[in-house]
Structures are given as C-alpha cells and as structure tokens.
Amino acid sequence: MSDRWVSSLREVKAEERKAPEIRRSFEERKAPEVRKNPFPLPSQLQSVPAAEGWQDMYPYFTRFRPEDDNRFWFYNSMHFPEPMSAFDSISQEAPYAAMGAVTTRTFVFPAALGIDYRVFNGRVYITGNPVLDPKEIERRLGLFQKRAGHYYQNWPTLYAEWEKRITNLIKEVNAIVVPQLPEFEDEEVVTKARGIAQNHYLWERFNRLIESYSVMWHHHFEFLMLGYGAYVVFFQFCKKAFPEIPDQTIARMVAGLDVLMFRPDDELKKLAKLAVKLRLEDKFSETKPPAEVIALLERAGAAGKEWLAAFEKAREPWFNITMGDGLDYHHRSWNDDLTVPFSSLPRYIAQIKAGDSLERPTEQLKKERERIIAEYRELLSTAEDKAAFDQMLGLCHLVFPFVEDHKFYCDHWFVSSFYNKVREFGELLAREGLLETSEDIFHLQHTEVKQALTDVMVGWASGTGPVGGPHWKPLVAKRKKIIEALKKWNAPPALGPMPEAVEDPALLMLWGINKETLENWAKPEGEQSENEFRGFAAAPGCTEGIARVLKTTNEIGEIREGEILVCPATSPSWGPVFSKIKAAVSDIGGTMSHAAIVAREYGLPAVVGTGQATKRIKTGQRIRVDGNQGIVTILG
Amino acid sequence: MKKMQPVLWFADIGLGDRLSVGGKGASLGELTRAGIRVPPGFVVPTSAFEVSLESLDASGEIRRTVAALNHDDVSSVAAAAEKIRARIRSAPLPGDLEAGIARAYGELCRGQADAPVAVRSSATSEDSEEASFAGLQDTYLWVRGERGVLDHVRQCWASLYNTESLTYRLRLGLPEENIAMAVVVQRMVPASASGVMFTRSPTTGDRSTIVIEACWGLGSCLVSGEVTPDRFIVSKVTGDISAKTISSKTLRHVPDPVRGGVRDEPVPDELQAAASVSDDIIAELVAVGKTIERHYGRPQDIEWAVSDDAPGTNIFILQSRPETVWAARDAQPIAKPAASALEHVFAALGHRKS
C-alpha cells in the first residue's frame with residue numbers, strides 16, 4: 001500500500017518536472033525579447049476612479065501580477081470591445097482554456113503554448129506564450145506531427161462528424177428545461193419513485209448549461225488552431241516567394257466561396273425575392289417595427305401565409321446569427337431582434353424591383369480566384385516551388401471550410417442559444433426576487449449565479465424562501481455603474497515590453513498582430529499624423545464617404561446607404577450591412593478576419609486593425625479609405 | 001564596296017539581328033513585332049558603319065592606331081580619340097547611304113515635316129554583351145531635319161571613339177575589328193509624362209510586384225537623376241496599387257525647339273505635387289509590362305512615355321531590357337515539395353528549414 005503511494009508520488013513529481021520546462025521557456029523569453037518600452041507596464045495602469053471595486057466583478061486569477069510587467073500584452077478589443085460584464089468572464093475562461101489545451105496539451109504545437117489573459121478596468125489583455133528552447137520545440141514537434149497529422153489526414157471525415165456533434169450539442173442546450181419550483185412536487189415523483197425534487201435540478205441544469213458551454217469551446221478550437229497553422233505556413237511561403245505580396249491577396253487565394261456565414265444574408269435575399277413575387281412589397285418598410293410587419297402579413301391572405309411560412313423556415317437555423325462575435329451577452333441574434341433582417345428587407349426588395357439580381361457573383365469570383373492562383377504559381381521560378389505551393393495551398397483549401405463555418409455553429413448558433421438559456425435562469429432569479437430583471441443575471445459571475453440558485457434551492461426547501469434580494473440587487477446596481485464608468489477608460493492597445501517576434505498562429509492570422517502593428521501602436525502620439533492612420537489593407541480599392549461610427553453592434557440599424565462603417569471589429573453577421581456601405585474600417589482584425597473576407601467578396605475597400613479608428617473618427621466626418629495601402633484619412 | 005541596306009525598319013528586325021542592328025535596335029524591333037506600341041523608327045545597321053569607315057579609312061589606319069594604344073596612357077588615348085572623332089564627324093557619308101537614310105527619315109516624317117527624332121547609338125561586339133557598353137555611347141534627342149539626322153548618325157559613330165569607350169575596350173582587350181556601331185533613328189514622343197517600369201521589384205526581387213517610376217515631361221530627367229520620381233507599387237496579378245509615393249517634382253525636361261535637344265523647365269505649381277500618371281495609365285502600363293515580360297519569358301526593365309498627341313491608348317514603350325540583378329537568384333527554390341503537405345506545416349511550425 002505504502003509502496004504504491006510512494007511510486008504514485010514519484011509520478012506526480014515527474015509530472016511536476018515537466019511544468020518547469022514550460023516555465024523555463026517563459027523565463028528565457030524575458031532577456032532577449034525586451035526592447036526599449038514604448039507601452040505602459042501593467043503595474044502603471046490606474047483604475048478608473050468612479051469604478052472602484054471593478055476587480056470583484058472578475059475572478060481573482062485574471063488580475064495582473066507584478067511579474068506580468070516583464071511580458072507583452074495587447075488589448076483584445078476584437079472580442080471584447082466594451083468593458084465586460086461579470087458573467088462574460090466566462091467568455092475568456094472557457095475559450096482560452098479550450099484554446100490553450102489544444103495548442104499546449106492536446107496537439108502539442110511545437111513553438112506556441114496557450115494564451116494568457118488578464119483583466120483590467122473591464123478590458124481583456126492577452127499574450128501568446130511561445131516556446132523558445134529549440135530542444136523543447138523539437139520534443140513537442142514529435143508529438144505534434146503524430147497528433148496534428150491524424151487530424152489533417154482525416155480532416156473531411158472528422159469534420160463531418162464534428163458538424164453532427166456540434167449540432168447535437170446545440171439541440172441539447174436548447175432542450176435544457178429551467179425547473180419551475182412548484183408548491184408541491186408532482187405526484188409522479190412519488191408514484192414513479194423518482195426520489196428527486198425540482199430544486200436539485202436548479203444545480204443540475206445550470207451546471208449542464210455551463211458545462212455545455214465549455215464543451216462547445218473545446219470543439220470550437222478542436223480544428224481551428226490546425227487551420228490557422230496551415231494558413232501561417234502558406235502565408236510564410238508566399239511572403240518568401242513574393243516579398244511584397246499584400247496579405248489580402250494571399251487571403252484571396254485561400255478563401256473559398258461557399259461559406260456558411262453568407263447564408264443568413266442569402267436567405268434574406270430569397271425572402272425579399274419571394275415578397276416581390278407574392279406582391280407583398282408594400283407591407284415592408286424600414287421604419288415599421290418587425291411585429292407590425294408580421295401582423296400585416298398575417299392579414300394578407302394566402303400570399304402573406306406563404307411568405308411567413310418561408311420566413312419561419314429560414315429562421316431555423318439561419319437567423320441564429322448574432323450581431324457580435326458571440327462573446328458578449330447583449331449581442332442578440334436576428335431571431336431575438338428581428339430589426340436587422342426586417343430593416344434590410346425593404347432595401348433588397350427595392351433593389352430587386354430596380355432589376356438588380358442580388359446574386360453574389362460566385363462564378364466570377366471563383367474564376368478570378370483561379371486566375372490569381374494560376375498567375376502566382378506561374379511566377380514561381382522553379383518546379384519545386386510550384387509543387388510546394390500546390391501542397392500548401394491545397395492544405396489551406398482543405399481547412400478553410402471549417403475555419404469559416406465553425407463561426408456559425410459555435411460563435412453564433414450555440415452562443416445565442418446559450419445566452420438565451422442563461423436569461424431563462426435570470427427570469428427565475430427575478431421571479432424569486434433576487435434580481436430586478438432577468439438581464440441582471442449577466443452582472444453576476446457564473447459562480448455567483450450558482451450561489452444565487454443555491455439560495456433559491458435552500459429557501460424553497462426550508463419554506464422560508466430565498467434571502468438574496470438585498471444581497472444581489474445593490475451589487476448589480478453598483479456593477480452597472482462601474483461598467484458605465486469603465487466605458488470612459490481609454491485602454492492602451494498594448495502593455496509591457498515590445499516582443500521581438502510574433503509566432504502564435506492565432507495572433508498572426510486572427511488578430512493580425514505582427515511586428516508592423518506593434519510598431520504602429522508604439523509610435524508616440526506626436527509622431528502620428530493628425531488626420532491619417534494605418535491599418536491592414538484588407539480589401540482593395542479606395543473611396544471617400546461619410547463615416548458612421550458604431551461602437552456597439554446594437555447600433556447597427558443606424559447605418560445609412562453609402563456610408564462608411566467604422567467599428568471596433570466587424571463580425572460575420574453584418575452581411576446585410578455590407579451591401580449598404582461603401583467601405584469598412586475597424587480597430588482590430590487581420591487579413592483573414594471575417595470582415596476582411598466579406599469586404600473582399602462585396603468588392604468594398606476595407607482597412608482593418610487600425611487600433612484607433614473609433615476613437616479618432618466621428619460620425620458624419622468625411623473620410624477616405626484606401627484598402628490597397630491600408631490608410632484611413634480624415635478629410636473633415 | 002560591300003553590298004548593304006542603308007536602313008532596316010523596326011518591323012523587319014528582331015532579337016536575332018543583334019549583330020547587325022545592336023542590342024537597342026534589336027530590342028525595339030522585337031517589341032514592334034510583338035505588337036507593342038513603340039514609336040516608329042529604323043536602324044542604320046553596322047554594315048553601314050563598316051562601309052562608311054572603309055570609305056573614309058580604306059587603309060584601316062584608324063583601327064590600327066587604336067590597337068596600338070596603351071590604355072594606361074590616358075593623354076595619348078585622349079589625343080588619338082579626338083582625332084578619330086573629328087575625322088568621322090567631318091567625313092561625308094557614301095552617297096547611296098546618305099540617300100537611303102534621308103529617304104527613310106522622309107518616310108518617318110509622314111504627316112509632319114522635319115519631325116523630331118531620337119538618334120541613338122547601338123553598339124555591338126561579337127565578344128561582349130551589349131550591356132557592358134551601356135552608358136558609353138551617346139543618344140541625341142529631339143533632332144530635326146534631314147541634315148540633323150545625318151550629322152547625328154555620324155556623331156553616334158564618332159562616340160564609339162570617345163576616350164571612355166576606347167579605354168574600356170582596350171582594357172578588356174576587345175579586338176577592334178569586331179567593334180561596330182548601329183544607329184537607331186526613332187520618332188520622338190511628345191511626352192507629357194514618362195518613366196521606367198520594373199516588372200519585378202528592384203528592392204526585393206518580388207516577381208509579382210511591378211514598380212513604376214514616373215515624372216513629368218521627358219524621361220531623361222528621371223534617368224539622369226535630376227528629379228525624384230513618383231513611385232507606384234502595383235501587383236502584377238491583381239493590379240492593386242499597394243503604395244503610391246508622390247514626390248515634389250519641380251523640374252521637367254521638354255524639347256528645346258530653338259536649339260534642338262531637351263531643356264529644363266520648371267513644373268507649374270499645381271502639377272508639382274500631383275501624380276504624374278493616373279490609375280488608368282498605371283493599369284495600362286501594367287498590362288503592357290506583363291505582355292512584354294511574357295514575350296521575353298523573363299522580367300524586364302522598361303522605359304515608357306505617355307503622349308498627349310496620340311489618340312486612344314497613348315502609352316509608348318521606348319525600351320525594354322531584361323532584368324539582370326535578381327535573375328541570378330531564381331535558380332534556388334524557396335521550398336521543396338514534401339512527401340505530404342503536412343511536412344510543410346511541421347517544418348514551419350517546428351522551426352525547421354523546409
């Protein structure tokens with residue numbers, strides 16, 4: 001017995017010994033990577049005065065520590081453009097835990113571990129965790145080859161299974177029933193000898209909901225990092241072969257055309273066509289609330305019924321697309337708020353009547369992509385290069401559908417279902433007097449929600465009822481004030497010492513963080529031109545127009561025909577907006593971010609990853625967007 | 001006297017005629033044949049030079065004198081060069097040659113009396129690449145009239161005997177009897193803007209990148225470095241302009257109608273900071289550049305001009321030379337095909353050389 005104890009202790013020790021190796025590579029990074037520091041250090045950040053106590057909104061492990069001053073951090077404004085509510089801590093915990101597991105532990109990426117994150121003033125700062133020791137990279141590579149190889153080699157089969165799994169998961173979440181606590185348990189609990197009362201299910205269902213969220217994120221990253229890996233390799237090859245090739249051109253070679261994220265918009269166009277065919281055009285108006293339009297259609301006889309049936313069919317699943325990126329509870333889906341689709345319908349109807357086909361010129365885009373690929377291939381000097389080019393690009397085309405389509409399943413369909421289910425728990429807590437409204441649940445951390453549910457569970461059982469109202473209600477009120485105060489904070493784009501190199505595939509491909517971005521951010525204010533700033537040239541073309549600055553995606557309805565969209569980060573569900581605007585500018589995002597892909601498809605100039613567009617540009621200003629050079633100019 | 005043709009028209013010559021029309025002439029002929037818009041012209045071939053040299057120096061004294069020179073003895077090289085040049089400049093051309101050139105010039109002038117032409121040296125040697133002569137021979141711009149053309153043909157021939165050319169040949173030990181000079185006579189383009197186009201990036205060697213430099217007026221001020229040109233970086237494949245650098249162009253070269261040749265002129269204020277070519281012109285240039293590169297099968301350095309006079313497409317190609325600096329590096333592959341595509345991922349993410 002005792003022997004077994006000793007030996008298993010030894011095993012634990014061996015496990016512990018592995019960890020320092022990872023840590024060592026972290027330690028080694030400090031010396032060579034540190035350069036003269038253009039960014040503030042985490043320890044130099046000041047809390048917003050009117051937001052005292054913001055730290056209590058987020059878990060203790062998200063706070064900056066003294067040693068974090070030695071590392072480089074950047075503000076993840078792509079995923080968290082606004083100060084985070086307490087509940088949304090879960091949208092770092094689950095994704096970063098899953099993502100890091102994939103790179104560090106499951107597939108064992110040779111040179112990149114996971115992402116570390118910290119929260120300050122409600123903003124999320126992240127940093128990649130590279131492996132620098134060549135021996136360690138080599139050791140990890142052996143495992144990576146075997147594991148990643150299995151996925152790459154069986155990609156189509158595994159992906160088909162994945163689609164089934166994720167769709168089932170979404171079904172399961174939607175099927176979770178929030179318990180209603182009755183005065184007396186159903187008789188069946190006795191007659192069928194169930195033996196378990198409803199209050200138990202408060203825990204059980206909520207736990208299941210939270211667990212399913214974690215499961216989704218594991219699936220989300222299951223293929224994604226491998227996909228980015230393939231992209232990075234092809235990008236690197238192209239940059240070597242064609243040192244001046246714009247990223248957006250490489251992206252055009254990689255991007256496929258049959259992308260799920262275009263479906264919601266395509267469905268809208270189909271509905272617009274049907275409305276014209278059924279002569280229902282006059283029922284739609286940009287200013288009428290959706291409910292009123294639906295009521296009109298219900299009274300419009302057989303034609304109205306036919307349209308509404310088609311509409312109901314299109315909604316599931318295609319309207320489960322959120323106006324954000326799926327990481328923020330108040331980014332509602334089209335199904336939750338029909339304003340976006342219904343404000344787009346009249347415009348599509350008008351376009352159809354004016355003779356526009358509304359079809360995406362897929363064939364033409366496909367041909368153009370083939371031409372671009374063929375011409376670059378032809379420009380390679382040797383037959384070996386051409387063969388390598390084919391292999392690398394082939395791999396990109398293999399992974400592309402997942403990299404794009406997972407967003408619909410995970411970030412939109414699943415997440416909007418998830419948040420709606422959380423709202424149902426919120427309704428219960430409001431009903432039980434712990435919260436003012438169901439939405440207030442998002443001002444509690446999920447661990448606090450569990451505590452509140454426990455209160456309900458206990459109070460229902462004892463018969464005295466829950467006591468949490470006086471505890472939670474003032475806390476929620478205080479946190480709402482804190483969030484408002486935090487909104488005024490001007491978050492620095494980066495913190496800590498400038499890194500020598502950026503290696504992480506996700507950082508490069510998704511956030512578009514590379515050497516150039518950093519140097520751009522590092523420029524002192526004085527050196528930055530008053531009216532001009534740079535970002536990534538994401539989609540070609542150059543145009544001028546009136547800016548519409550949208551800081552949150554809920555303002556999406558404000559945008560008018562022919563304006564230039566300026567936003568913290570565009571997200572896939574903004575499809576209908578793209579047929580309305582002239583150009584797009586974002587604070588953050590790289591060449592393969594969805595905004596860039598959509599802009600290229602719509603033939604709109606786009607500059608992404610400017611870091612500062614929403615701060616510098618005001619709605620109504622005339623701006624020039626040069627999507628070839630990645631320059632935005634404020635004209636006045 | 002050898003039989004010879006006094007002139008050869010661009011349309012009748014190509015790269016294979018290098019030895020008789022020189023590199024420049026052959027290239028202009030080749031471009032013309034490839035359907036590229038080149039200002040029309042003809043070449044006075046090397047045989048004409050040979051015949052001429054024979055008639056003024058039947059005993060071969062000139063070549064003997066040169067062969068006997070010591071390239072270190074700069075002053076005697078200079079003195080001999082001066083003497084030879086004077087002789088060539090003053091000697092009348094053999095009658096049928098003069099008549100042939102005059103007739104050809106007349107034809108070139110169709111539609112415009114005394115049309116301006118460029119008269120350019122185009123030297124050849126059986127022993128050396130033409131490129132090594134670059135810059136050692138003269139070009140005369142904006143020459144007008146029959147007399148002027150004939151004079152400048154002789155000037156070009158004479159330039160073969162300027163001190164630098166002589167010293168260069170002597171130093172390399174190139175045999176004099178293999179040295180000859182063709183002369184290109186070509187209509188001038190009244191250029192509103194002109195410049196150069198590199199069909200691969202001169203800074204990185206990127207074959208998918210075209211770099212265009214442009215200035216107002218004639219291209220001579222760009223070649224001579226008197227003006228910092230506008231610079232455009234364009235994708236050869238997509239045509240997207242990825243960078244535009246518009247410089248302040250205070251000066252331009254324009255034809256000098258009084259003295260012939262070109263003269264400096266200040267650029268009007270409103271044009272100085274303006275782009276000297278439009279996006280449309282850039283697109284046309286890129287299309288022409290791609291055609292020329294495809295024709296030759298390798299990247300080119302191209303001189304071009306935009307004419308205000310010509311109707312329709314008004315881009316003219318003045319010259320195209322193969323790019324030589326980066327060409328040497330192309331043989332090395334960047335990556336080798338692997339047993340499977342995955343190997344590339346493993347190699348790159350594992351920091352190994354593929």
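Two strands count as paired when DSSP finds at least two bridges between them. Keep that in mind as you walk through this predicted model.

**Stop one: a pair of strands.** Select residues 300-307 of chain B, which form strand S12, and then add S13(B): the two pair in the antiparallel sense over seven bridges. Now pick out Trp304(B) and look across to S13(B), where Ile317(B) stands opposite.

**Stop two: the whole sheet.** Widen your selection to the open sheet of chain B, with six strands in the order S9-S8-S7-S6-S12-S13 and antiparallel pairing. Strand S13 (315-322) and S9 of chain B stand at the edges; each has a single partner strand, so one side of each is left without a neighbour in the sheet. Turn the view to follow the twist, which averages 15 degrees from one strand to the next.

**Stop three: where the chains meet.** Show both chains together. Here 30 residues of chain B are in contact with 41 residues of chain A. On the chain B side, select strand S8 (230-235), strand S9 (241-245) and helix H11 (341-349), each of which supplies at least two residues. H11(B) gives the largest share, seven residues. Colour the chain B side by class and you will find 15 nonpolar, ten polar and five charged residues.

**Stop four: the domains of chain A.** Colour chain A in four parts: domain 1 (2-88 + 105-150 + 495-510), domain 2 (153-258 + 401-487), domain 3 (260-359) and domain 4 (524-634). Where domains 1 and 4 of chain A touch, domain 1 brings six residues and domain 4 brings nine residues. The domain 1 side of that contact has four nonpolar residues, one polar and one charged.

Technical notes: Residues numbered from 1 in each chain as written. Chains lettered and ligands numbered in written order. Predicted model: local features only at pLDDT ≥ 70, side-chain atom pairs only at ≥ 80, totals over all residues. Domains from an automatic or database assignment. Contact = placed C-beta atoms within 7 Å. Nonpolar A, V, L, I, M, F, W, Y, C, P; charged D, E, K, R; others polar. Helix = DSSP H or I, 4+ residues; strand = E, 2+ residues; numbered from the N terminus. Axes fitted to C-alpha atoms, helices over the stretch in contact; angles between N-to-C directions.
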